[in-house]
Amino acid sequence: MKPASATDALLVIVPALNEEGAIAEVVSQIRRHVPGVPVLVIDDCSADGTIAVARAAGADVLPLAHHLGLGGCVQAGYKLAFELGFQYVIRVDGDGQHDAADIPAILERLKSTGCEMVIGSRFVEKNGSSAGMVRGLGIRFFRMVLRPILGKPVHDPTSGFVGVNRRALEVFSRSFPLEYPEIEALVVLQRRRFRFEEVPVKMRPRMAGRSSITAGKSLYYIVHVLLGVFVNILKYDGRPRPGSGG
Amino acid sequence: MDSLLHVTTVLSVVLLAMVLISVRRAHIRVEYSVSWLLAAVAMLLLSLSRPVLDAITRWTGVPDTPLTLFLMAGTVFLVMFFRFSVILSHLRDDNVALAQRVAMLEYRVRSFEQE
């Protein structure tokens, strides 16, 4: 992957951990729906053949030296994209839940509105996508929490199918939540008075592997994210440390 | 009360010895040993000076001298644990930033090699 020269250069990043079974299809679908756009798989220290399979499928791979968690993994992609001069980055999960056919709609919305972030949302329109009962309850809860903070409703705050422009990329390169980043990232943007929009997307069940958020971890997830949201609201930006995890 | 002070004295000496040995064997860095050394010396001095402990008890209004010792020790260690949480958070951030930087540099080296 060469440094971006075009003023509308797009990079698709795919955070992946042990996604050997799904990553080839994910990369292939991205290449089919947005031909010519570089695909960067960020491997969070997988124990299986994710790296080799992703490379064989035509993706560039950024292999992390050790496991950083989803936020650290995504931020590594944002940092590289920012350094290479990309204007837009769209994140697609490595488990195959996101339909690459929706990437052009996210990019189009980023360009046409000039907003800093576009979220691919399952719930902005009814399209048959579901999130499961426990996750659905969590999403409803965080919708209520985020509504007054963001000043507008967000229908799918836990969606990882997200596009950002270069202004958001710069912020996320410096400050990004390390664990469960989707919801906190919205608050990080809100602190900068950045705007976000949602576009309807369809999500599918995972192609392979298992979600890292099990039923047992759901409560921890809620407490962790809730704390992260309020810490981000209260955060003092006076002297940021290099590499600060947001 | 006296037996409690004796136990505290012994524990303080043991802690002091442990920290010094650990520093000597490079198991703990000098900058991180200072807090432990200060805590151990403070506990040692307090356990050896009953009049000071009694004065603090009267001054703070704590009903019992052993409780004063317990509260002071608890406070010292809580502050230390908090300090180590701050240090750990810094280290975690630095560690993440370094891992990301290494990955990016490796990526660029690989790209150059392929060209």
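I count two residues as in contact if their C-beta atoms, placed from the backbone, lie within 7 Å, and I keep that in mind for the entries on packing. What I have open is a predicted model, scored at ipTM 0.80 and pTM 0.82.

**Entry 1, chain B as a whole.** I looked up the secondary structure of chain B and found four helices and zero strands, so that is to say an order of α-α-α-α from the N terminus on. For confidence, I noted a mean pLDDT of 89 for chain B, with 99% of its residues at 70 or more. I then turned to its outline: the C-alpha trace of chain B spans about 75 × 30 × 15 Å along its principal axes. Its radius of gyration is 22 Å, where a compact globule of 115 residues would come near 13 Å. Of the 115 residues in chain B, 13% are buried. I also checked how its contacts are spread along the sequence, and among those in chain B with a separation of 6 or more, 56% join residues 24 or more positions apart.

**Entry 2, helix α2 of chain B.** I picked out helix α2 of chain B, residues 30-48, and compared its length with expectation: its 19 residues reach 26 Å from the first C-alpha to the last, close to the 27 Å expected at 1.5 Å a residue. Which residues of α2(B) are buried? I find B:A40, B:M43, B:L46 and B:S47. In general, an α-helix has 3.6 residues a turn, so residues three or four places apart point the same way. I next asked what covers the buried residues of α2(B), and the cover includes α1 (2-24), α3 (50-60) and α4 (65-114), which belong to chain B as well.

**Entry 3, chain A as a whole.** Chain A has eight helices and seven strands. Buried residues make up 46% of its 246 residues. For the contacts in chain A with a separation of 6 or more, I noted that 77% are between residues 24 or more positions apart.

**Entry 4, helix α5 of chain A.** I looked at helix α5 of chain A, residues 133-150, whose end C-alpha atoms are 25 Å apart, and this agrees with the 26 Å that 18 residues should span at 1.5 Å a residue. The helix has a kink of about 25° at A:M144, shortly before the proline A:P148. Its buried residues are A:G138, A:I139 and A:F142. Just after α5(A) I came to A:G151, which takes a positive phi of about 80°.

**Entry 5, two loop residues of chain A.** I noted A:N18 for its positive phi of about 55°, although it is not a glycine. A:N18 sits in the loop between β1 (10-16) and α1 (23-33) of chain A. Is A:N18 buried or exposed? It counts as buried because it has 21 C-beta neighbours inside 10 Å, and the cut-off for buried is 20 or more. A:C45, a residue other than glycine, has a positive phi near 65°, and I located A:C45 in the loop between β2 (39-43) and α2 (50-56) of chain A. With 17 C-beta neighbours inside 10 Å, A:C45 counts as partly exposed.

**Entry 6, where the chains meet.** How many residues does each chain give to the contact? I find twelve residues from chain B and 18 residues from chain A. On the side of chain B that touches chain A, I sorted the residues into seven nonpolar, three polar and two charged.

Conventions
Residues numbered from 1 in each chain as written. Chains lettered and ligands numbered in written order. Predicted model: local features only at pLDDT ≥ 70, side-chain atom pairs only at ≥ 80, totals over all residues. Rg over C-alpha atoms; globule rule 2.2 N^0.38 Å. Buried ≥ 20, exposed ≤ 12 C-beta atoms within 10 Å, placed from the backbone. pLDDT = per-residue confidence, 0-100. Expected span 1.5 Å × (residues − 1). Bend = angle between axes of the 7 residues up to and from the residue. Nonpolar A, V, L, I, M, F, W, Y, C, P; charged D, E, K, R; others polar.
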